[in-house]
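Student: I'd like a close look at one spot in this model, and then how it fits with the rest. Could you walk me through it in one go?

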Amino acid sequence: MLKRYLLAPGPTPVPSEVLLAMAAPIIHHRSPDFLPVLDSAKKGLQWLFQTRNDVLILCSTGTGGMVGAVNNFFNRGDKVLVINGGKFGERWTKICQAYSLDVEEIIVEWGYAVKPETVEERLKKNKDIKGVFVQASETSTGVYHDIKALASIIKKHDDTLFIVDAISALVAHDLRTDEWGIDIMVGGSQKGVMLPPGIAFVSVSEKAWQRAETSKLPKFYFNFKKERENLAKNQTNFTSPVTLIIGLNESLKMLQAEGLENVLKRHERLAHVMRKAVQAIGLGLYAKESPSNAVTAIMSPPGIDGQAVYKNLREKYGITAAGGQDKAKGKIFRIAHLGYTDRFDVITAIAGIEMVLKGMGHPLKLGTGVAVAQELLMA
Ligand SMILES: Cc1ncc(COP(=O)(O)O)c(C=O)c1O
């Protein structure tokens, strides 16, 4: 038997409480049974998103939420600014281009965070930028972009929306939607929210709803105005992902019992320990600044293929992590500490990394990183 440990940056492990809740018989999404279920999820999401605005619940993966964040608020030819510092930044560009927006990019070197001053200058020079798109946590590089600083710049521009992909950052980073002024924020179920894949969440500010009135891009499945009208009646536009929403209530209950501050602290601490432990083994971090609390991208030692590390972790020890994407492929492997994770997940990951690297001939003393993690986790 090979016991499996899921330490990938999505999908992430689902707690048994949530799995059991989802074993309940299916209820009809237009029946009175479902209304309180959706009402509770709706309120819980407002708590999680730190917003008083609507948080739409879409039956799709996170990318569906990203698509909706484009086709509901813009028009053909609108100038938008995409902060592209990795695979998911690139995805914003591709979606915007698919809808014929006029995309300007700030290309950020992989492993680095965008400099807020660069965004400020770009907005000053181009008064017609209608939206700025960014990732909170760029999962492909393990970098966190400073959302608070960016929001404070963008909110000075009345005609510019701030759109944040928080798919991997939600619960791992403090994202104060209303307080900071994030207009549209996208989340996904299979990350920090501890659910299977299948729902996207999107919060929408009043400023963004006003903009939606002027958007003429085609919309059918992702029609946010219709979703908003349905949400007000505790419904979704099409058949609701009933089982996932029941599970969502359970995971929100668990997160609320822990408290948002504690949830955030747990992620910060686990990420810190992971970084210190891999550095103690002599490995570098791919994030040269502002590392993400959701995922750590680790440089594979010279001469050792990052994809092989990822493969060995899974095949020899049952640990599913992630490899590198695109230009980082082969150079890195990534370990998540996101959602339903605790101290021994970090220890498992470090122990596994040490065993794999040693097995691949990399000189290291077994237990070095584990000991550092143990010390830090006991402190
Ligand atoms: C930052 C970020 N954005 C977008 C996505 C895409 O989400 P999905 O695969 O749920 O469509 C992911 C998934 O890994 C992600 O980490």
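Student: Where is the place of N234 in the chain?

Tutor: This is a predicted model, so keep in mind that what follows is computed from predicted coordinates. N234 is placed in the loop between α9 (224-232) and α10 (242-258). What makes N234 worth a look is the backbone: phi is positive, about 60°, although the residue is not a glycine. As a rule, most residues other than glycine have a negative phi. How covered is N234? It has 17 C-beta neighbours inside 10 Å, so N234 counts as partly exposed; the buried class would need 20 or more.

S100 also has a positive phi without being a glycine, and there phi is near 60°. S100 belongs to the loop between α4 (87-98) and β4 (102-107). With 13 C-beta neighbours inside 10 Å, S100 counts as partly exposed. For another backbone oddity, go to G10 and P11: the peptide bond that joins them is cis, with omega about -5°. In general, most peptide bonds are trans. P11 is in the loop between β1 (5-6) and α1 (16-21).

G10 leads straight to the ligand, since that residue is part of the shell around it. The other members of the shell are T61, G62, T63, F88, Q135, T139, D165, I167, S168 and G188. Sorted by class, the shell comes to 8 polar, 2 nonpolar and 1 charged residues.

Now step back to the whole chain. The protein chain has 14 helices and 14 strands. Its radius of gyration is 21 Å, close to the 21 Å the globule rule gives for 379 residues, so the chain is as compact as a globular protein of that length. Along the principal axes, the C-alpha trace spans about 60 × 55 × 35 Å. Of the 379 residues, 48% count as buried. As for contacts with a separation of 6 or more, 72% of them are between residues 24 or more positions apart.

For a well-covered part, try strand β10 (residues 199-204). 6 of the 6 residues of β10 are buried, so this strand is largely enclosed by the rest of the structure. The cover is on both faces, with I199, F201 and S203 buried on one side and A200, V202 and V204 buried on the other. Strand β2 (residues 54-59) is joined to β10 by 6 bridges, and the two run antiparallel. One register point here is V55, whose bridge partner in β10 is S203. Strand β9 (residues 184-188) also runs antiparallel to β10, with 5 bridges between them. There, V186 has V202 of β10 as its bridge partner.

There's also an open sheet of 3 strands, ordered β11-β14-β13 with antiparallel pairing. Its edge strands, β11 (295-299) and β13 (322-323), each pair on one side only. β14 (residues 332-336) pairs with β11 over 5 bridges, and with β13 over 2 bridges. F333 in β14 is the bridge partner of I298 and also of G323, while I335 is the bridge partner of T296. β14 is mostly covered, with 5 of its 5 residues buried. I332, R334 and A336 point one way from the strand, whereas F333 and I335 point the other way.

Finally, two helices show how burial can be one-sided. In α6 (residues 147-154), the buried residues are I147, L150, A151 and I154. Seen down the axis of α6, these fall within an arc of 100°, so they line one face of the helix. The buried residues of α6 pack against α5 (116-125), β5 (129-135), β8 (161-165) and α7 (177-181). In α14 (residues 368-378), G369, V370 and A373 are the buried residues. They cover an arc of only 100° around the axis, which puts them on the same side of α14. Among the elements that cover the buried residues of α14 are α11 (260-280) and α13 (343-359).

Back to your spot, then: N234 is a loop residue between α9 and α10, with a positive phi and a partly exposed position.

How values were computed. Residues are numbered from 1 along each chain as its sequence is written. This is a predicted model: local features need pLDDT of at least 70, side-chain atom pairs count only at pLDDT 80 or more; totals for chains, interfaces and linings use all residues. A residue is near a molecule or strand if its C-beta atom, placed from the backbone, lies within 6 Å of it. Ala, Val, Leu, Ile, Met, Phe, Trp, Tyr, Cys and Pro count as nonpolar, Asp, Glu, Lys and Arg as charged, and the others, Gly among them, as polar. Helices (H or I, at least four residues) and strands (E, at least two) are DSSP runs, numbered from the N terminus. The radius of gyration is taken over C-alpha atoms; the globule rule is 2.2 Å times the number of residues to the power 0.38. A residue is buried if 20 or more other C-beta atoms lie within 10 Å of its own, exposed if 12 or fewer, and partly exposed in between; C-beta atoms are placed from the backbone. Two residues are in contact if their C-beta atoms, placed from the backbone, lie within 7 Å. Two strands pair if DSSP finds at least two bridges between them. The arc is that of the directions from the helix axis to the C-beta atoms.
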